[in-house]
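Let's take a walk through this model together, going from one chain to the other and then along the strands, helices and loops.

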Amino acid sequence: MMRFLSKTWLVMIATALLQGVAAAASFTASLDREALTLGEQATLSLKFEGADTQNPPGLPAIPGLQFQYVGPSTSFSFINGQTSSSITYNYLVIPQRDGQFTIPAMRIQVGGQTLTSNPLKLTVTKPGAPSADDVNAGNEVAFLKFVLPKKQVYLGEPIVGTLELYLRDDVQNINGFQLTSSPTDGFSAGKVIEQNNQKRRVQMGQRTYTIIPLALPLTAVRTGPLTLGPFTANLGVILPGQNQGGDPFFRQFFNQGEQRQVSLGTDPFSVEVLPLPAQNRPAGFTGAVGDFTMSFSAGPTNLTVGDPITARVQISGHGALDAVTLAVPDSWQNFKAYPPTSKFEPADQYGFAGTKTFEQILTPQNSDVRELPAYTFAFFNPDDGQYHHLTQPAIPLTLHAAAANPLPATAGNRATPENANPQDILPVKEHLGTLAFAGTPLLAQPGFLALQAVPVLAFLGALVWRKRTDSLANNPRLRRQRAVAQLVATGLNDLDKFAAANRSEEFFALLFRLMQEQLGERLDVPASAITEADVDNRLVRLGASAATLESLRELFQLCNQARYAPVRGTGELNSLAAKLKPALAELQGLKP
Amino acid sequence: MKLLLTITLAMLFAGNLWADLAGDFSTANEFYARGKYAEAATAYHKLLGTGAESPALWFNLANAEFKTGNLGRAIAAYRHAATLAPRDAEIRANLQFVRNQVQGATIRESRWRGWLGTLSLGEWTILTAIAFWLALALLTARQLRPALATRLKTATRLLVALTLGAGSVLAVQAAGHFSARTAVVITPSAQARSGPFDDAQTAFSPHDGAELSVLDRHDQWVQVTDGSGKSGWLPLTSVEVLPGA
């Protein structure tokens, strides 16, 4: 049955369309609104009557306007035997800016004929609060107002602004409320909270409006003259439909009303943010603004140096509790203070009232501490414009020195009755102390062991030196041997110098003495007693070579001759010195 | 110049390192103060993982381990601390306190060992070295200046005696450190077995924190004996082996 009805309906539509083509075609453009505020939307309809179009026509580009195709709708009529059909293509017109816009005439080719639409004008205005006249006249379906309880606030002072949404009495329902702009420069803004429980109705002119308050928590963060708003919003309202005839009983069930998109705006709101007064500002003030009370507790109060004390500070009241911090007073310098933890329990939906609890861990640094000094919390009350402070008196403490705590009953440490039964371990150490890097013990380190050889070697060196010294002291001949060797070594150098300077007298004197000293040492007789004769008589027995003996003999003779004729040339002196050196060297090697 | 630069950089590096470690140490202490003992123990372990150690670091780790309920690990850490600072009364007090919590048989340090332990191995080493150097310095001086021999006689004898005495103690301490070992049980349900095998018969069950003498070692097992003469094999995962008896 249903299939049959559908087919019949399609046949009728097809027939009508075919007849419609034969009729005169037309193309009409229309806007559902000629004026709207920025944020609102209009609907552009392109209607083709008696024309067979398959696709939605393209629209001209208009700066400042955006078109969004929605879809087609068709209509079919059969009046007095005449059939007509039309198809309408619908577009959303979304303005991007305010101003006057013209949608020009459009020419469309359909079925070999050119159809031209009419031009359209659209006025887009900026959002703003409606005029009082419009409101009183009941022309405004809905409008928005921004209310702030004060025109002057202090820096850091929390305040709740209210966006009041006014709805005319014929608004059946609303949907899609959305803030499109909420300028709050200089303020820290919280989340907008709808306050349905504070709805109220007011009479404005001849109409009644319902006010829906929307709370906007604000905290001033910058001083000076500031502006809040204009706030703008979009809202869908449902108004009674245009065709509301008929039985009211049925109307209430079947009439769904007409939906309209409205754009709302407020006037800008000027507010002055005052700085906190510098005069009488307490020393411990950390920027808390509001009206507060404080409770303070600390424990344990009987403890050992290094044990932690938990100081619990509760700040309650209304104000910018989020910004309230706990400052460690200078008077707590005998305590190590760890960064405090905090927990906030709000008492209102804005976070501007409640209790903030701080827990501060403190550890006394020495046993001289007798109390936890007084704690003062300072705040600025914007209601009276003055600073206030809340003081918690000092809390007495009983401290035991860590060293006086129970020591183990190990060797050299006898437990006293006081500390015989410790209840717990001693607390942690506060300071890291001297660091070492774990590794091989000093005893097993090669460098350390090698270093221990130094005193041993020094001692052995000294021992050897002592032995040699003693040996020398107990052996005069050895001592003479070394002295002569030293004398010969320096004498030979001087000999060269005398030869170079051609000082023959000193040369021969020294030459003679060197031979005497060396021969005397080897023959163990006084040097002054040595003569040329000793060379032949005694030196031969020591095993001296013939060449050495000859050299020594010659040198002795030359020395004797030089006493009478000392002048000689440098070359001759040098040759004599060269002769002496090997002879003395051989003598030093002879065993006495 | 290069040496000076190297030394300067090394000092700067050491200074920064100490500051970093001190900051981490303070953070770990904060965990402890807030009652987050496990986090504190982890933080102290992390510091020790850098290779740096100090008596305070081991002590605090021991405290955190004790508060976490790990008696054995606490005792081991206290013993490490005591090795570095043997005369620290707080370390000795806490070690004794934790030892008192340990149940069952455990070996105890002998009195003379306790006395020797008044100085650490490093301190005995330094003391012996100082006496040794001074004694040899006097002996060397006597060789160089025999006239001083009479005046230095008593001092030399005393120093030689001190060197020998300290050296003897050092030898004992070194032997204890390098050869003898102590195993501290660090698990609550350790089972010493008759052989170094998982399926060997249970010999005895030492408690967490029991200090046992190490007799032998085989792969991942240590043979231990408690104060009552029982012996058995424990896996290395159940104990922390420390130097010294």
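A good place to begin is where the two chains meet in this predicted model. Strand β33 of chain A (residues 436-437) and β1(B) run antiparallel and are joined by two bridges. Look for A:Phe437, whose bridge partner in β1(B) is B:Ala52.

Now widen the view to the whole contact between the chains. Chain B brings 46 residues to this contact and chain A brings 39. On the side of chain B that touches chain A, the elements giving two or more residues include β1 (52-53), α1 (2-33), α3 (55-68) and α8 (149-178). The top contributor on that side is α7(B), with 12 residues. Sorted by class, the side of chain B facing this contact has 27 nonpolar, 13 polar and six charged residues.

From here, turn to the interior. The largest nonpolar core holds 97 residues, and A:Ala142, B:Tyr44, B:Ala62, B:Tyr78, B:Ala81, B:Val98 and B:Leu234 are the ones that touch the most other members. Helix α4 of chain B (residues 71-84) supplies the largest share of this core, nine residues. B:Ala62 makes a handy viewpoint: apart from neighbours within four places in sequence, B:Ala62 is in contact with B:Ala74, B:Ala77, B:Tyr78, B:Ala81 and B:Asn94. There is also a second, separate core of 28 residues, with A:Leu495, A:Phe507, A:Ala544 and A:Ala583 among them.

A:Leu495 also leads us to a helix pair, as A:Leu495 is one of the α6(A) residues that make the contact with α10(A). Helix α6 (residues 476-500) and helix α10 (residues 570-589), both of chain A, pack at an angle of about 170 degrees with their axes 9 Å apart. Angles over 145 degrees count as roughly antiparallel, so that is the description that fits α6(A) and α10(A). On the α10(A) side, the contacting residues include A:Leu573, A:Ala577 and A:Leu584. In all, this helix contact has nine nonpolar, three polar and two charged residues.

Next come the strands of chain A. An open sheet of three strands follows the order β13-β19-β20 in chain A, with antiparallel pairing. Its edge strands are β13 (173-181) and β20 (258-265), each pairing on one side only, and the twist from one strand to the next averages 20 degrees. Six bridges link β13(A) to strand β19 (residues 232-239), and A:Ser181 stands opposite A:Thr232 of β19(A).

Is strand β16 of chain A (residues 200-204) well covered or hardly covered? Hardly covered: of its five residues, zero are buried. β16(A) pairs with strand β17 of chain A (residues 207-220) in the antiparallel sense over five bridges, and A:Met204 stands opposite A:Arg207. The two strands form a hairpin with two residues between them, and A:Gly205 in the turn has a positive phi of about 65 degrees.

Let's finish in the loops, with some backbone details. Most residues other than glycine have a negative phi, and most peptide bonds are trans. A:Gly229 and A:Pro230 are joined by a cis peptide bond with omega about 0 degrees, and A:Pro230 lies in the loop between β18 and β19 of chain A. Another cis bond runs from A:Gly299 to A:Pro300, with omega near -5 degrees. A:Asn280, not a glycine, has a positive phi of about 65 degrees; with 9 C-beta neighbours inside 10 Å, A:Asn280 counts as exposed.

Note on methods: Residues are numbered from 1 along each chain as its sequence is written. Chains are lettered from A and ligands numbered from 1 in the order in which they are written. This is a predicted model: local features need pLDDT of at least 70, side-chain atom pairs count only at pLDDT 80 or more; totals for chains, interfaces and linings use all residues. Axes are lines fitted to C-alpha atoms, for helices over the stretch in contact, and angles run from 0 to 180 degrees between N-to-C directions. Helices (H or I, at least four residues) and strands (E, at least two) are DSSP runs, numbered from the N terminus. Angles under 35 degrees count as roughly parallel, over 145 as roughly antiparallel, 65 to 115 as roughly perpendicular and the rest as oblique. Two residues are in contact if their C-beta atoms, placed from the backbone, lie within 7 Å. Ala, Val, Leu, Ile, Met, Phe, Trp, Tyr, Cys and Pro count as nonpolar, Asp, Glu, Lys and Arg as charged, and the others, Gly among them, as polar. Two strands pair if DSSP finds at least two bridges between them. A nonpolar core is a set of buried Ala, Val, Leu, Ile, Met, Phe, Trp, Tyr and Cys residues joined through C-beta atoms within 7 Å. A residue is buried if 20 or more other C-beta atoms lie within 10 Å of its own, exposed if 12 or fewer, and partly exposed in between; C-beta atoms are placed from the backbone.
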